[in-house]
Number of protein chains: 4
Amino acid sequence: MIIMKKEATQKQITHVASEVKRHGLRPAISEGKFRTVIGLIGDESQISFTHLATLPGVKEVKTIETLHKLINCEYSELFYGKGENSTIKMGGIEIGGNEPIFIAGPCAIESRKQLFRIAEEIKMAKAHILRGGIFKPRSSVHSFQGLGALGPEEAEEALSWLRDAGKSFDMPVMTEVRGESQVDLIAEYADILQIGARNMYDQDLLSKVARKGKPVLLKRHFGASIEEFLSFSEYIAAEGNKDIILCERGIVPVGKGKSLTRYTLDLAAVPVVQKETYLPIMVDPSHATGRRDLIFNMSCAAIAAGASGLLIEVHYNPAEALVDAEQMITPEELKRIIIASKRIHKVVIDKN
Amino acid sequence: MIIMKKEATQKQITHVASEVKRHGLRPAISEGKFRTVIGLIGDESQISFTHLATLPGVKEVKTIETLHKLINCEYSELFYGKGENSTIKMGGIEIGGNEPIFIAGPCAIESRKQLFRIAEEIKMAKAHILRGGIFKPRSSVHSFQGLGALGPEEAEEALSWLRDAGKSFDMPVMTEVRGESQVDLIAEYADILQIGARNMYDQDLLSKVARKGKPVLLKRHFGASIEEFLSFSEYIAAEGNKDIILCERGIVPVGKGKSLTRYTLDLAAVPVVQKETYLPIMVDPSHATGRRDLIFNMSCAAIAAGASGLLIEVHYNPAEALVDAEQMITPEELKRIIIASKRIHKVVIDKN
Amino acid sequence: MIIMKKEATQKQITHVASEVKRHGLRPAISEGKFRTVIGLIGDESQISFTHLATLPGVKEVKTIETLHKLINCEYSELFYGKGENSTIKMGGIEIGGNEPIFIAGPCAIESRKQLFRIAEEIKMAKAHILRGGIFKPRSSVHSFQGLGALGPEEAEEALSWLRDAGKSFDMPVMTEVRGESQVDLIAEYADILQIGARNMYDQDLLSKVARKGKPVLLKRHFGASIEEFLSFSEYIAAEGNKDIILCERGIVPVGKGKSLTRYTLDLAAVPVVQKETYLPIMVDPSHATGRRDLIFNMSCAAIAAGASGLLIEVHYNPAEALVDAEQMITPEELKRIIIASKRIHKVVIDKN
Amino acid sequence: MIIMKKEATQKQITHVASEVKRHGLRPAISEGKFRTVIGLIGDESQISFTHLATLPGVKEVKTIETLHKLINCEYSELFYGKGENSTIKMGGIEIGGNEPIFIAGPCAIESRKQLFRIAEEIKMAKAHILRGGIFKPRSSVHSFQGLGALGPEEAEEALSWLRDAGKSFDMPVMTEVRGESQVDLIAEYADILQIGARNMYDQDLLSKVARKGKPVLLKRHFGASIEEFLSFSEYIAAEGNKDIILCERGIVPVGKGKSLTRYTLDLAAVPVVQKETYLPIMVDPSHATGRRDLIFNMSCAAIAAGASGLLIEVHYNPAEALVDAEQMITPEELKRIIIASKRIHKVVIDKN
């Protein structure tokens, strides 16, 4: 990690970056409020830190002993100044800011009409961002895989519905990118690119998505330790994309017999991630529990644990949803959750 | 499960119970607000349900298909009337009632002076119940095992401090029973008998403790599914003791590398247990996280998830605690937690 | 699942397939030794089974109630005749046949010289297939990612070494495909395409690799239940590719403290998979344990559990390996393992 | 750990032990083939190592940095001489010696006749030790808890059958101790005292059983890391009882959906424990898998992993067993397993 002087010139920064490249590493240049910091990506044993420290414009060369160097708090302090976290601003919304953010919508987009109706209803419930699945990751090849599976034209049409619904109801939109071949198309339509839990370990996908330069929401894999979660989000940061939103959505259940929840929601991951990195972290209680009757409680708990927001699956008629019907809630229930969440957020913020 | 008529006489109840015994089963007689219900403990194939249904005073014989029959909600409805949960009242406190209850104190009692100072400070912070360990379960035989390990006299002396501190500051007291040989002694001094997570599967201990007739706080083993947790708490109910307080304190971490929390706090267990049983459930964020810096967040989250209260380890000088120093918080921090918890509890209750 | 009559004509088969397509499903046509079977991929509610049953050449239409229909044993019986498993034949080797198969080589290919030396030494140790990583999945973006990360030319050069080493020492070769963009290139050079544990859930990659028509070795994700493992291997079968080799390589460790092995090798998965499917299953003790000193024991145990073979990482000088040095064994140790494995295999086979 | 000189006198040893006691620790005196070693149990900060090192007869004072000091290999080397493991000899059998040992019998003893018939049949199959449950730990209070639950007389009668069956067929006998109140009674009848997985963390029970001075078989709890397993077996060693047989019987399953085996058999625990301690370790494939059709494979795998023997549940008519019917095998199957195991054991031993 090379920390440039406040007064370092663009030319000096470029020179340092080219020196880094010359030794076979990649420079990750971050222009902060206070100064520019250049992260080193690759095998650091190939380069002399003493040499780097003597280049013009360089203030200091620091080693950060962790797998997640680019997103960690120490780095944040260098870069933004003490204690300030990174927030992501878009369309009047600030993710990681002073208010919890609510991302809602159907698990799978089924039709233009379904999507618009849900968009309108979640907007009235005060949700901020619209989500809807087009390329659905499914455990079984024999299940409905989303409209994206029907062909490129159907996929693009569904994407245009999503974009239009967002515009109509003044909400940024998010959808999931499941494979590398979908990245270019989806990036044309969505404001936030979601990488689902099943793909968290897919580093080629992470890199390709990151290079689009748009905010990325990365869900924790249900088999991943927090350390691995952070280590893989570093693949996004390594492409120079710091607009990363992390999302806890439950880890594999342990224990004998059938689990009474789909996954184990690990809410302690929220404050732990906040202490380790400068990134915002949200929670998805829908996939974690897989049970409609637990969403209210676990939403409140997530906000109380300090989450920057929630991802909740909503349908005006949960019973008829094509995917994950048993975990959908109604817009009315969403409204109750948002109201309670905001009140709880205030209580928690007071202390900190 | 034999449901007696409202007007059933004591004689009829006794007769039914003796019929149950005659067939090799044990009757668990529960006298509710509305009617008496007799649970059957043992191999039900030994008895004819038709025969039972025709005994005088019997309204109905019902089969409940679950491992935890005696503590489940359906039973509760029969017994208490629709939707009413069991609460445990003691010394002006109601566990499982309208207010969250806070149990606090040192992990291990070290001296009379230490205990009285902590008792005074947690009382000022508005805690309700005092806890302190005398027989400490430890992973290593080479670690400090609590004052109880020094001998019977030292154990009794420490127990008398606990009783006296409770009286001095007007709080019921709780301490852990780790082995069968400690049950009689501890039951003389403590108001609530705690069975620790490590002993959850120790059915002989559960039965013996239950027979004392005092409220029992049972912690979930870190390797137990929720189903097993409930199934083992049934060992307490089977002795006719319904004053059971369940406690979630984290399950084994999964995943590669060193976990960033000691255990995984499974907060979804709170609403799940509440839907399955009529028992109150509390949360212990101290042992679950093992990290002082996470206690505030996870306490708020637990209350938001619907917990009936919290168990928190407190020391006026955390650094000098003999056991679990890194997870102790100060009385000041406890006070902040109690204030925030009460506010969050109100938000959550509003909905339900 | 449509079972055709033995005497069904090609025309009849094509007609049935086109009927399946007309209803929005995909037909998976498998020509067996005895008869042709057509699996249905997609939403089966869209098609009338009665209609299908009356088409010319159709013997029977059967529903198989499982997530892994195409690879399961019942299907195998229809297709191959009672009890016969699918085997994969290549270059004089039969995977899933009467002899255990040994796949060995370096974790990462470092140079032509390194690869050829290892190839020669494992051949002398009686290994059957050469493996070597070019696109290495790594937990940290800051670690060595294999020669493939240096650029397309370097990747192709490394692939040509692999192909050449295979030819020189008369062994089929296998390497890992980590991202969709690598599929076409690797399929030109490798005989078996490996999908690593981290990518098991990446259904787009699975489908793309499967369509190459070459044998695919799929490793179980460390967070996957056996059911999910089989359910995702079905994505390969759904492309008409039945040359699937499954591989157990350990699941996430559970429990407090640092695990003494990298993952938990779940050897019971071997007989379980053999009872559920007709696919061969191998074991990778190297990644599962992460410890050189456990490879011999766990290799023997895997073969005793019934595995069709082993994947073992080998280096002539383990200490200097760039990746996973601590789990590499020497060719001499490999030889001892192969000798012991063959003897154990004989003992186990005797019974069955 | 105090290592005495070879020529140290009994008086010197007694003196050192009394010095240890004087400082509030307990001495664990082990008289080895070569020398006496005195372990320190308790808080070592209370004693000066320099002072101990200067006492007459003391060769050296060593610190062993691990939770399992008394059972570890380094200690074994001091005590027995290089590389020699501890074995347990009884009635012509050597556990941990050159031959694998087979412990077999019914899950629960149902009658004298049932037990004698099984004892005879397993003896003919070449099993070495007879086991049978009298006090059965059960997940549900409503399940059959073994004959021990019927009362003290029935328990003693069942114990006498076990002792008599052992004598009749010349096999040592083992049964499970589930609670502290059963220790004295069982120790009068059984040759090996078994502590079940559910009780592994019950340190009071471990200590009380250990003090009987008979060999103890301790099963790993399904929620325990290997480190915890060893750390709790140290509670037995701390009572001066080194005749400890460890037993791996599966850990909690992880992952979504219903597990296809009851627990995950962690066979790598076998070589890991052998590298960490000098204790023999056996494997129980019956409880680990819960499936009769997997016992043969997992038994072979356990022996191949290096296990010192197996615990297998056997019934002449598995279908009619009162407990765990689905995991019982017949004596004929046991015979096949013993024959295969002995052959595999020879292959594995050859290498080491």
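A crossing of two helices is termed right-handed if the near helix is turned clockwise from the far one by less than a right angle. In the predicted model considered here, helix α7 of chain B, spanning residues 203-210, passes helix α8 of the same chain, spanning residues 226-237, in a crossing of this right-handed kind. The two helices pack with their axes 7 Å apart and at an angle of about 40 degrees, which makes α7(B) oblique to α8(B). On the side of α7(B), the contact is made by B:Gln203, B:Leu206, B:Ser207 and B:Ala210, and these residues are met by B:Phe232, B:Tyr235 and B:Ile236 of α8(B).

In chain D, attention turns to strand β7, which comprises residues 101-105 and is mostly covered, five of its five residues being buried. Both faces of β7(D) are covered, since burial extends to D:Ile101, D:Ile103 and D:Gly105 on one side as well as to D:Phe102 and D:Ala104 on the other.

Strand β7(D) pairs in the parallel sense with strand β14 of chain D (residues 309-313) over five bridges, and within this pairing D:Phe102 has D:Leu310 as its bridge partner. A parallel pairing is also formed between β7(D) and strand β8 of chain D (residues 129-131), in this case over two bridges, with D:Ile103 standing opposite D:Ile129 of β8(D). Between β7(D) and β8(D) the chain runs through helix α4 of chain D (residues 112-124), and the resulting β-α-β crossover is right-handed.

How values were computed:
Residues numbered from 1 in each chain as written. Chains lettered and ligands numbered in written order. Predicted model: local features only at pLDDT ≥ 70, side-chain atom pairs only at ≥ 80, totals over all residues. Buried ≥ 20, exposed ≤ 12 C-beta atoms within 10 Å, placed from the backbone. Helix = DSSP H or I, 4+ residues; strand = E, 2+ residues; numbered from the N terminus. Pairing = 2+ DSSP bridges. Right-handed = clockwise from strand over helix to strand, strands pointing away. Axes fitted to C-alpha atoms, helices over the stretch in contact; angles between N-to-C directions. Parallel < 35°, antiparallel > 145°, perpendicular 65-115°, else oblique. Contact = placed C-beta atoms within 7 Å.
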